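Got the viewer open and a cartoon drawn? Let's take a walk through the fold, one selection at a time.

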Amino acid sequence: MTYNAIQIDNIAKSYRIGMADKHPVTRGEAVRETLLSPFHYLRTRLRAPEEDEIVWALRGVSFDVKPGEVVGLVGKNGAGKSTLLKILSRITEPTSGQAIIRGRVGSMLEVGTGFHPELTGRENIYLNGTFLGMHRAEIERKFDEIVAFSGVEKFLDTPVKRYSSGMYVRLAFAVAAHLEPEILLVDEVLSVGDAEFQKKSLGKMSDVAKEGRTILFVSHNMAAVQGLCQRTIWLRDGQVEQDGPTGEVVSNYLKTSIFSNAERVWADLNDAPGNEKARLVAVRVLDGKGEASGQGRIEEPLTIEVEYAVLEPDTVLNISVSVYDEKGIYVLASPSNTDEVWFQKPHPAGRYLSRVVIPANTLNLGSYSITALLVEEGRYILAQEDGVVSVDMVELGTYRRGYFGYWGGIVRPLLDWQTEQINTDPAVTAPIEAAQVD
C-alpha cells in the first residue's frame, strides 16, 4: 500500500485580532498597567471573541501529495500559503483539521529558519542537521558541499547574527537542500538572494526533484513554478480554488489576478484634474488583448490610454506618461511627440483619446505605477496625476529556455542575437576582424 507523503484533511486556521493597547502617559499609569497586565491578559483570553475579532487564514483546505511529487502553491499575498507551510512545519497548529507528514522535513519558510543567531554558521549547520534527524557522520559527509554552495566560507565561524540577509538565506537554503530531507517545503524566501544565487538554488531544487524527493514550492514567479512543478494548487482567500496541471492552474490564476487600479475615470468633469483649458477624463492600462487590466504579461505589449477634454478651443497640448517601479525608480517617460497629427497643435474643443504602446519584452517583472500629464505648449502642466493607475508585470517564461532565476535590470528587452561559425579550427592564430553590420 502506497502512503501519501503529505496528507492535509480539512485544515482551518484562525487568528484572533488583538485590541491595540493605550500607551501609558505618566509613570504612575505605567506602574498601574504593569501590575494589572496579567489580569487584563486573562480577561481577554477567557472572553469569547467577537466575530470581527477573528480572521481565517485557512478554511477547509484538503489535498494530498504523493512521494516524489513536486507541487506548486500559488495565490495572492494573504491567500494562506505561508500559513499552510508553517502548519506543515509544525511551527503553528491548525484550529481544526489535521496534517499528516510521512518523512523527514526540511523547511525554508523565511530567512534563517531554525538558525540560532548566537551560533556560528558552522554550528548552525550541525544544529539544523540534528533537527532533520541526521547523524553527525551524515552531516560531515555533506558539510563541504553545503559550505561551497552557500559561498560563506570566510564567515563560517562568525555568529550568523552578523550575516547579511543574503548570506543568511544562502546558508539556510544550502543546509535545507543538501541534508537530504525527504520532504522540502520552500516559500518565497529565495527572492532575497541575488540573481546568481536564485539560478543556482532553483537548479538545485530541480536536481532534488529528479532524485525523487517531495517538494511543496510557494512562489510568485510563475516561470519557476511552471519549470519545476507538474501540478499546482491555487489558494484563494484561504481555500483551494483549483488543483490540477500547472499550465492550466497558472493560466486561470493569472486571468483572475486583476487589480482594481487598472482604470481611473472622473465621471464629473468639474472634479477632474486640470483647469478651464483642459481636464483629464480617464486613464487606463490595457493588456495584450486590449482589455483594462492591472496585470500585464512581459511577452505582450502594454497600452496606456489617456482620455481628456479640451474646454478652451485652440489649446496647444501634448500628452505625457511616466512609469515608475515599486521602489520609486523612474523607469521611462513618453511624451506624445511621435503623434504627427496632434502633438503641439491647437486642439478644437472636444473629447480626445490618446494611446501609447509599450512594446512586448520591455518592462521587467514587478509592479509599476503610471503618472499621466496634460502639458500646454510643452511647458505648462495643466494636469498631473501621480500613480493614477498601476500594473503588475508577470510572465509565463516563454523565452527563458530553462533559466528560472530573477532576470536583472529595470527593463528587459528581448534583443536579437546571431552566431556564426567563422572557422573549423578552434585555435586562435590571428585577431578576428570586426564583422561588418549592415
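The expected span of a helix is 1.5 Å times one less than its number of residues. Keep that in mind for the first stop, and remember throughout that this is a predicted model.

**Stop 1: helix H5.** Select residues 165-178, which make up H5. This helix has 14 residues and reaches 20 Å from its first C-alpha to its last, close to the 20 Å expected at 1.5 Å a residue. Switch on a surface for the rest of the chain: 13 of the 14 residues of H5 are buried, so the helix is largely enclosed by the rest of the structure. Just past the end of H5, click on Glu180, which takes a positive phi of about 55°.

**Stop 2: the sheet under H5.** Which strands does H5 lie across? Add S5 and strand S6 (183-186) to your selection; H5 lies across both and runs at about 160° to S5. These two belong to an open sheet of six strands with mixed pairing, in the order S5-S6-S7-S3-S8-S9. Strand S5 (105-108) and strand S9 (239-245) stand at the edges with a single partner strand each, so one side of each is left without a neighbour in the sheet. Neighbouring strands here are turned by 15° against each other on average, direction ignored.

Now zoom in on S3 (residues 70-74) and S7 (residues 214-218), which run parallel and are joined by four bridges. For a landmark, label Val70, which stands opposite Ile215 in S7.

**Stop 3: the cores.** Keep Ile215 lit up and add Ile125, Leu171, Met205 and Phe217: of the 45 residues in the largest nonpolar core, these five touch the most other members. H5 gives the most to this core, with 10 residues. In soluble globular proteins, nonpolar side chains tend to be buried together. Another core, of 30 residues, lies apart from the largest one; to find it, select Ala278, Ile304, Val310 and Val391, which are among its members.

**Stop 4: strand S14 and its partners.** Next, pick residues 315-325, strand S14. Is S14 largely enclosed or left open? Of its 11 residues, 10 are buried, so S14 is largely enclosed by the rest of the structure.

Bring in the partners one by one:

- S18 (residues 366-376) pairs with S14 in the antiparallel sense over nine bridges; look for Val321, whose bridge partner in S18 is Ala372.
- S15 (residues 330-335) also runs antiparallel to S14, joined by five bridges, and Tyr324 stands opposite Tyr330 there.
- S16 (residues 345-347) pairs with S14 in the antiparallel sense over three bridges, with Lys345 as the bridge partner of Leu317.

While S14 and S15 are on screen, follow the chain between them: the two form a hairpin with four residues in between, and Gly328 in the turn has a positive phi of about 85°.

**Stop 5: Arg284.** Finish in strand S11 (residues 278-286), where Arg284 is found. Is Arg284 buried or exposed? With a relative accessible area of 16%, Arg284 is buried, the cut-off being under 20%. Show side chains and you'll find a polar contact between those of Arg284 and Glu263, at 2.5 Å. To see the surroundings, leave aside the neighbours within four places in sequence: Arg284 is then in contact with Ala262, Glu263, Thr303, Ile304, Glu305, Glu307 and Leu353. Ile304 should ring a bell, as a member of the core of 30 residues from Stop 3.

Technical notes:
Residues numbered from 1 in each chain as written. Predicted model: local features only at pLDDT ≥ 70, side-chain atom pairs only at ≥ 80, totals over all residues. Heavy atoms only, no water. Pairing = 2+ DSSP bridges. Axes fitted to C-alpha atoms, helices over the stretch in contact; angles between N-to-C directions. Contact = heavy atoms within 4.5 Å. Buried < 20%, exposed > 50% of the residue type's maximum accessible area, 1.4 Å probe, protein only. Core = buried A, V, L, I, M, F, W, Y, C linked by side-chain atoms within 4.5 Å. Polar contact = N/O pair within 3.5 Å; in protein donor to acceptor, adjacent residues only side chain to side chain.
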